[in-house]
Amino acid sequence: IYILIIIFSIDLYCKELKPVTKSPAVTKESIKIGNIAPKFYQIATDRQFYRLRDYVCADSSEAIRKYPNTKLVILDFFNTLCLPCKDEMPVFEKYYREYKDSGLMVLLIGTDKAGADVLVPFADEYNLSMPVIVDKYEKLKKEYGVEIFPTTFIIDKKQRIVDIVAPEDNIDSNTLNTQLKN
């Protein structure tokens, strides 16, 4: 009887693991590849406010985007204590410098509880020239359903999630080139 219960439980568990468009790094059901990315309006370490619709916009009736040449936004959720997060910072900086004139915007989302007190020195240490958004209350982390760090979202100009990159995956320049050409 115990064996049948275990087999039945495993079968039920496997049937629930269907969505291919969802990353294991994200638990929120509405956050899937192809869906509209949640909007936000958040302060960064440079004391400027950033909002997603300044770069990408799902509804063409909204106000004209502040940066209309943006074709792709990378949102990277990280924590300064996370070693893989630290490893990817030079890569994002390289991509940002290389592709920003082609329409790429990189927004880093720092989730440290100490906020700007640790994010500013972190950005200085890694010579980051892209915005580092402060999410010390984890509002954006929850909105995007992020469970593990680093988790990266690639969002197109229509505000659709094109890819969700989990820690074990990498973003490569071929992927960025393809997306920027679309």
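I take a contact to be a pair of heavy atoms within 4.5 Å. With that cut-off I looked up Asn79 in this predicted model. Not counting residues up to four places away in sequence, Asn79 touches Cys85, Thr111, Asp112 and Phe149.

**Entry 1. Asn79 and its surroundings**

I located Asn79 in the loop between β3 and α2. Its relative accessibility is 15%, so I recorded Asn79 as buried, the limit being under 20%. I then followed the side chain of Asn79 and found that it reaches the backbone nitrogen of Leu81 at 3.0 Å.

Two of the residues touched by Asn79, Cys85 and Phe149, led me to the next two entries.

**Entry 2. The disulfide**

How many disulfides does a search of the whole structure find? I obtained one. This disulfide joins Cys82 to Cys85, with an S to S distance of 2.4 Å. I noted that both Cys82 and Cys85 are buried. The torsion about the S-S bond of Cys82 and Cys85 is about 80°, so I entered the disulfide as right-handed.

**Entry 3. The cis peptide bond**

I checked omega between Phe149 and Pro150 and found a cis peptide bond, with a value of about -15°. Pro150 lies in the loop between α4, residues 139-143, and β6.

**Entry 4. Fold and confidence**

I counted the secondary structure of the chain as five helices and seven strands. Read along the sequence, these elements follow the pattern α-β-β-β-α-β-α-β-α-β-β-α. The chain has 182 residues, of which 44% count as buried. Among contacts in the chain with a separation of 6 or more, 69% are between residues 24 or more positions apart.

I also read the confidence values. The mean pLDDT of the chain is 80, and 72% of its residues reach 70 or more. Over residues 1-22 the pLDDT is below 50, and this stretch has seven contacts in the model beyond near neighbours in sequence.

**Entry 5. The nonpolar core**

Which residues have the most contacts inside the largest nonpolar core? I listed Val73, Leu75, Leu107, Leu108, Tyr144, Phe153 and Ile155, in a core of 44 residues. At least two residues of this core come from each of β3 (72-78), α2 (83-99), β4 (104-110), α3 (116-125), β5 (132-134), β6 (151-156) and β7 (161-165). In soluble globular proteins, nonpolar side chains tend to be buried together.

I examined Leu75 in detail. Leaving aside its neighbours within four places in sequence, Leu75 is in contact with Phe40, Leu107, Ile109, Tyr144, Thr151, Thr152, Phe153 and Ile155.

**Entry 6. β4 and its partner β3**

Is β4 mostly covered or uncovered? I found that seven of its seven residues are buried. On one side of β4 these are Leu104, Val106, Leu108 and Gly110, and on the other Met105, Leu107 and Ile109. Both faces of the strand are therefore covered, on the criterion of under 20% relative accessible area.

I then looked at strand pairing. β3 and β4 pair in the parallel sense over seven bridges, and Ile74 stands opposite Val106 in β4.

**Entry 7. The β6 and β7 hairpin**

β6 and β7 pair in the antiparallel sense over four bridges. I identified Val165 in β7 as the bridge partner of Thr152. The hairpin has four residues between the strands, and one of the residues in the loop, Gln159, takes a positive phi near 70°. I recorded Gln159 as buried, because its relative accessible area is 1%.

**Entry 8. Arg47**

I found another positive phi in a residue other than glycine at Arg47, near 65°. Arg47 is placed in the loop between β1 and β2. Its relative accessibility is 72%, so Arg47 counts as exposed.

**Entry 9. Two loop residues and their C-alpha distances**

Where does Glu29 lie? I placed Glu29 in the loop between α1 (2-15) and β1 (41-43). With 52% relative accessibility, Glu29 counts as exposed. From Glu29 to Gly145 I obtained 8.1 Å, C-alpha to C-alpha, for residues 116 apart in sequence.

Lys66 lies in the loop between β2 (49-51) and β3. I recorded Lys66 as exposed, at 52% relative accessibility. The C-alpha atoms of Lys66 and Asp54 are separated by 4.7 Å, and the two residues are twelve apart along the chain.

Key:
Residues are numbered from 1 along each chain as its sequence is written. Side-chain values use heavy atoms; hydrogens and water are left out. A disulfide is a pair of cysteine sulfur atoms within 2.5 Å. Buried means under 20% relative accessible area, exposed over 50%, partly exposed in between (1.4 Å probe, protein chains only). A nonpolar core is a set of buried Ala, Val, Leu, Ile, Met, Phe, Trp, Tyr and Cys residues joined through side-chain atoms within 4.5 Å. pLDDT is the predictor's confidence in each residue, from 0 to 100. A polar contact is a pair of N or O atoms within 3.5 Å; within protein, one must be able to donate a hydrogen and the other to accept it, and residues adjacent in sequence count only if both atoms are side-chain atoms. Two strands pair if DSSP finds at least two bridges between them.
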